[in-house]
Amino acid sequence: MDSTEDEMKIYLKVIETVALKVRRSETTRKLKALFHEKEDTLENLQELFLSGKQLEDDHKLVGHGIRTNSTLYLYLQAIDMIKLLVYTKEGILSDQFTLVYGGELLGDNRTLASLSIQSESILYLVLNPRDEVSISVKMQSGEILKLKVKVLQTCQDIKAIVQSMVGFESGAEILTYAGKLLEDSKTLACCNIKEKSLLEMLPLTFKIFVKHSACKTKL
């Protein structure tokens, strides 16, 4: 018969399986402390389960029927764990979105208990605005410039960047996007310019033709 002081190997199933060596006489609380030492996860964020039953902190492992090579399931009850699950299912990196509950933006280290989040609660995922985007600017010559810019830069800033690349008289060009003239003072975010948007640089004055009857008049 196994002694309660015999060392045994057990497994914790998180996203990946983590192996730990413990004594049968140790408590669930001690097991959480060992996992904290190995994976830097605070004990108060951990909930351990065996065969669907949650393990109480002060109970000994032997009392839960845990034996060598047993597999326990660890649930990390914090927002960063929820975001990790979103990443594994949807492929959205955790720094690209924020979770919202009850109108509050949820910090990664907040626990579900502290937020009163219960079974069947609905959390909302809000994508974070990207700080930088890659855009293209089509010149009158047909040349297309590739730029990496910040969404809070103004259209005037973009014109200055293009001017530094190809050179033209300041104030002699206008920027358009989707057929609309962009105001110099507006930011790219305000103009709804996103990743891979195509802007067009046009001269401030340019030739147009007005067709009237059979005549063509140059303006």
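I started with a count: the protein chain has three helices and 15 strands. Helices here are DSSP runs of H or I with at least four residues, strands are E runs of at least two, and both are numbered from the N terminus. I noted that this is a predicted model, where local features need pLDDT of at least 70, side-chain atom pairs count only at pLDDT 80 or more, and totals for chains, interfaces and linings use all residues. Residues are numbered from 1 along each chain as its sequence is written, and side-chain values use heavy atoms, with hydrogens and water left out.

**Whole chain.** I looked up burial and got 32% of the 219 residues as buried. Buried is under 20% relative accessible area, exposed is over 50%, and partly exposed is in between (1.4 Å probe, protein chains only). The accessible surface comes to about 14,400 Å², with 51% of it on carbon and sulfur atoms; the areas are Shrake-Rupley values with a 1.4 Å probe, and for residues only the protein chains shown count as cover. For contacts (heavy atoms within 4.5 Å), I took the pairs at least 6 apart in sequence, and 52% of them join residues at least 24 apart.

**Sheet.** I traced an open sheet of five strands in the order 10-9-13-11-12, with mixed pairing. Its edges are strand 10 and strand 12 (180-181), each paired on one side only. I counted two strands as paired if DSSP finds at least two bridges between them.

Strands 9 and 10 run antiparallel over seven bridges, and V137 has L145 in strand 10 as its bridge partner. Their hairpin leaves five residues between the strands, and G142 in the turn has a positive phi of about 100°. I checked the faces of strand 10 next: L145, L147 and V149 point to one face and are buried, while I144, K146, K148 and K150 point to the other and are not.

On strand 11 (residues 173-177), I found two antiparallel bridges to strand 12, with T176 opposite L181. That hairpin has two residues between its strands, and A178 takes a positive phi near 55°. Strand 11 also pairs antiparallel with strand 13, over five bridges; there E173 is partnered with P203. Four of the five residues of strand 11 are buried, so the strand is largely enclosed by the rest of the structure.

**Core.** Which residues of the largest nonpolar core touch the most other members? I got I135, V137, I158, V162 and L175, out of 19 residues. Such a core is a set of buried Ala, Val, Leu, Ile, Met, Phe, Trp, Tyr and Cys residues joined through side-chain atoms within 4.5 Å. Strand 9 (132-138), strand 10 (144-150), helix 3 (155-166) and strand 13 (198-203) each give two or more residues to this core. I followed I158: leaving out residues up to four places away in sequence, I158 touches I135, V137, L147, V149, Q153, L175 and L188. Apart from this core lies another, of 14 residues, including L34, L55, L61 and I66.

**Helix 2.** I compared lengths for helix 2 (residues 79-90). At 1.5 Å times one less than the number of residues, its twelve residues should span 16 Å, and the end C-alpha atoms are 16 Å apart, which agrees. I79, M81, K83 and V86 are buried in this helix. Just after the helix, I noted G91 with a positive phi of about 75°.
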